[in-house]
Amino acid sequence: PTRRSSDLPIILDVDMGVDDALAIMLALQSPEVELLGISTVFGNVPLNQATRNALQVLELMGRDEIPVYVGAGEPLVRKLVHAAAVHGESGLGDAVLPDPEMLPAGNALDFLIEGIQARPGEVIVVATGPLTNLALVEKKQPGILDQARRVLVMGGALAEAGNITPVSEFNSFADPHAFHQLIKAETNMSLIPLDVTHQLGLAAETIAARLAGRDDAIARFIRESTRTVIAFEQEHYNYAGVHLHDPAAVALGIDSSLFEMETLVLDVETMGELTTGQVVVDRRPFSDEEERQGYPVDCAMKVDVDRLMHMFEHRVLGGE
Ligand code: RIB
Ligand code: CA
């Protein structure tokens with residue numbers, strides 16, 4: 001079914017791990033959202049696999065009218081990293097979906113630029129992978145991201161420990177130069193860091209209970225795709241569940257009252273021996289803000305866990 005224009009036209013820029021798939025599902029299951037298209041980037045898995053996963057998830061959801069565009073296959077400067085240990089070889093855990101029938105619709109950079117320009121001040125860009133596509137878009141057309149209504153980025157760890165190195169979150173580690181370019185461009189970006197997404201645990205038992213009795217393709221996909229992440233989290237963090245990192249960024253686009261935001265002056269380390277990808281917040285209490293090192297960025301500091309989890313469970317898992 002074709003959707004009417006809504007108040008919330010969204011472009012999702014994804015690297016297609018398990019929680020990226022859950023973020024797409026949340027967008028599709030939200031009546032307020034008009035998903036204009038999906039752009040893919042390397043990250044959790046190589047670019048081709050990310051694109052394939054996005055096509056498969058759209059077909060699973062019966063939404064093959066939504067176009068998928070292919071973005072960057074490697075970071076701007078540093079070497080490629082992936083995250084097969086967390087998301088499984090395919091990026092979608094144990095889930096096996098049919099080969100996609102859809103084909104990618106074109107190039108992600110052109111799509112992002114044209115999509116934003118077509119509706120100035122309206123489009124919300126939600127980025128849930130390395131920031132390479134957005135940095136390239138801003139380089140190709142400086143100022144373009146300021147024509148978006150918001151740019152919501154899942155990335156970075158502020159005070160929280162990292163999840164790929166002791167101090168770095170995966171998306172910021174995977175292409176710190178791109179992230180730096182974006183921060184420096186001072187676009188209307190908001191950051192949803194690990195500090196808040198780590199509070200959004202979806203327990204394995206909740207998934208099982210909500211999907212109990214269902215054996216349709218979507219229920220099977222949710223069960224099977226989350227299994228690898230749950231096993232990883234159980235083994236490494238003694239937590240049997242999935243964190244809703246990427247769905248949190250979509251949720252902020254849908255309902256900003258779910259989060260408390262604060263502007264912090266920050267930058268990201270691009271060259272550290274131990275600290276590449278670390279977000280460095282300048283908390284020095286200078287009276288003149290200009291003295292601080294970094295750039296002002298709107299950051300999610302608190303989340304209403306109950307309301308967000310309720311929204312996700314109700315819309316994506318269904319059941320009671
Ligand atoms: O650090 C969390 C991010 O990296 C999310 O985008 C998730 O998909 C992960 O791999
Ligand atoms: Ca992701």
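**Ligand 1 and an aromatic pair**

In this predicted model, the largest pocket is the space that ligand 1 takes up. Three helical or strand elements come up when looking for those that give two or more residues to the shell around the ligand: α1 (18-28), α6 (170-174) and α11 (245-254).

Going through the shell residue by residue, ligand 1 has D19, D20, N44, H87, T128 and M154 around it, along with N163, E169, F170, N171, H245 and D246. Sorted by class, that shell comes out as six polar, four charged and two nonpolar residues.

Three aspartates put side-chain atoms within reach of ligand oxygens. For D19, a polar side-chain atom sits 2.6 Å from an oxygen atom of ligand 1. For D20, the separation between a polar side-chain atom and a ligand 1 oxygen is 3.0 Å. D246 joins in with a side-chain N or O atom that lies 2.6 Å from an oxygen atom of ligand 1. As for cover, ligand 1 taken alone exposes 280 Å², and the protein buries 96% of that.

Turning to ring contacts, a search of the whole structure picks up one aromatic pair. The partners are Y69 and F111, and they are stacked, with 4.0 Å from centre to centre and 5 degrees between the planes. This pair ties together distant parts of the chain, as Y69 belongs to strand β3 (residues 68-70) and F111 to helix α4 (residues 108-118), 42 residues apart.

Conventions: Residues are numbered from 1 along each chain as its sequence is written. Chains are lettered from A and ligands numbered from 1 in the order in which they are written. This is a predicted model: local features need pLDDT of at least 70, side-chain atom pairs count only at pLDDT 80 or more; totals for chains, interfaces and linings use all residues. Side-chain values use heavy atoms; hydrogens and water are left out. A residue is near a molecule or strand if one of its heavy atoms lies within 4 Å of it. A polar contact is a pair of N or O atoms within 3.5 Å; within protein, one must be able to donate a hydrogen and the other to accept it, and residues adjacent in sequence count only if both atoms are side-chain atoms. Accessible areas come from the Shrake-Rupley method with a 1.4 Å probe; for residues, only the protein chains shown count as cover. On a 1 Å grid over the protein atoms alone, a cavity is a set of points where a 1.4 Å probe fits but cannot get out, and a pocket is an open set with protein on both sides within 12 Å along at least five of seven lines; lining residues have an atom within 4 Å of a point. A molecule sits in a cavity or pocket if more than half of its atoms lie within 2 Å of its grid points. Helices (H or I, at least four residues) and strands (E, at least two) are DSSP runs, numbered from the N terminus. Ala, Val, Leu, Ile, Met, Phe, Trp, Tyr, Cys and Pro count as nonpolar, Asp, Glu, Lys and Arg as charged, and the others, Gly among them, as polar. Rings of Phe, Tyr and Trp (its six-membered ring) pair if their centres lie within 6.5 Å; planes under 30 degrees apart count as stacked, over 60 as edge-to-face and the rest as tilted.
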